[in-house]
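Thanks for coming. I will take one structure today and walk through it piece by piece, starting from a single residue.

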Amino acid sequence: MSITPHLDALTLAEKEVLDHLARAWNTFIQQVTGDQEAVDEDQREFMHHIHGAQNMILANAAGRVYGPERYRLRGGKIE
């Protein structure tokens, strides 16, 4: 199976959400201060959730590219 790159796999809305997530991460990192051990733990927890949101966006794009008839897209169902 050959894989062809899909440079426009993300919709404009998905790109915008990913940009918002990056800004949210940057703002969080700049604002959280205090005990370094607690800060590190807070950053790891926030990063986990940011990555989860990114994975949802990217999985939807991959589903469109590799077969919406096979992969359920957000808001849809497989018949």
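Start with Phe46, which is partly exposed, at a relative accessible area of 26%. Keep in mind throughout that this is a predicted model. From Phe46, go to its partner: Phe28 and Phe46 form a stacked aromatic pair, with 4.0 Å from centre to centre and 10° between the planes. Phe28 sits in helix α1 and Phe46 in helix α2, so this pair ties together parts that are 18 residues apart in sequence.

How many aromatic pairs does a search of the whole structure find? The count is two. The other pair to look at is Trp25 with Phe46, also described as stacked, at 6.2 Å centre to centre and with 15° between the planes. This pair links distant parts of the chain as well, with Trp25 in helix α1, Phe46 in helix α2, and their positions 21 residues apart. Trp25 is partly exposed, at 24% relative accessibility. Put together, Trp25, Phe28 and Phe46 make up one aromatic cluster.

Now the overall layout. The protein has two helices and zero strands. It has 79 residues, and 16% of them count as buried. Its accessible surface comes to about 6300 Å², and carbon and sulfur atoms hold 55% of that. Turning to contacts with a separation of 6 or more, 50% of them are between residues 24 or more positions apart.

Next, helix α1. This helix runs over residues 12-31, which is 20 residues. From first C-alpha to last, α1 reaches 28 Å, close to the 28 Å expected at 1.5 Å a residue. Which residues of α1 are buried? They are Glu14, Leu18 and Leu21. Looking down the axis of α1, the buried residues fall within an arc of 55°, so they line one face of the helix. On the other side of α1 you can find Leu12, Gln30 and Gln31, which are exposed. As for what lies over the buried residues of α1, the cover includes α2, residues 36-66.

One of those buried residues deserves a stop, and that is Glu14, in helix α1. Is Glu14 buried or exposed? Its relative accessibility is 8%, and buried means under 20%, so Glu14 counts as buried. The side chain of Glu14 reaches the backbone nitrogen of Thr11, at 2.9 Å. If we leave aside its neighbours within four places in sequence, Glu14 is in contact with Ala9, Ile57, Asn60, Ala61 and Arg64. Among these, Ile57, Asn60 and Ala61 will come up again in a moment, as buried residues of α2.

So, helix α2. It has 31 residues and reaches 43 Å from its first C-alpha to its last, close to the 45 Å expected at 1.5 Å a residue. The buried residues in α2 are Val39, Gln43, Ile50, Ile57, Asn60, Ala61 and Gly63. What covers them includes α1. That is the counterpart of what we saw before, where α2 was part of the cover for the buried residues of α1. After α2 comes Gly67, and its phi is positive, near 130°.

Two more positions in α2 are useful for placing the helices relative to each other. Ala53 lies in helix α2 and is partly exposed, with a relative accessible area of 25%. In sequence, Ala53 and Leu18 are 35 residues apart; in space, they are 8.5 Å apart, C-alpha to C-alpha. Leu18, you will remember, is one of the buried residues of α1.

The other position is His49, also in helix α2. His49 is exposed, with a relative accessible area of 51%. How far apart are His49 and Leu21 in space, C-alpha to C-alpha? The distance is 9.9 Å, for two residues that are 28 residues apart in sequence. Leu21 is again among the buried residues of α1.

To recap: there are two helices and zero strands. Each helix is part of the cover over the buried residues of its partner: α2 for α1, and α1 for α2. Trp25, Phe28 and Phe46 form one aromatic cluster, and its stacked pairs connect α1 with α2. That is what I have for today.

How values were computed:
Residues are numbered from 1 along each chain as its sequence is written. This is a predicted model: local features need pLDDT of at least 70, side-chain atom pairs count only at pLDDT 80 or more; totals for chains, interfaces and linings use all residues. Side-chain values use heavy atoms; hydrogens and water are left out. Helices (H or I, at least four residues) and strands (E, at least two) are DSSP runs, numbered from the N terminus. The expected span of a helix is 1.5 Å times one less than its number of residues. Buried means under 20% relative accessible area, exposed over 50%, partly exposed in between (1.4 Å probe, protein chains only). The arc is that of the directions from the helix axis to the C-beta atoms. Contact means heavy atoms within 4.5 Å. Rings of Phe, Tyr and Trp (its six-membered ring) pair if their centres lie within 6.5 Å; planes under 30 degrees apart count as stacked, over 60 as edge-to-face and the rest as tilted. A polar contact is a pair of N or O atoms within 3.5 Å; within protein, one must be able to donate a hydrogen and the other to accept it, and residues adjacent in sequence count only if both atoms are side-chain atoms. Accessible areas come from the Shrake-Rupley method with a 1.4 Å probe; for residues, only the protein chains shown count as cover.
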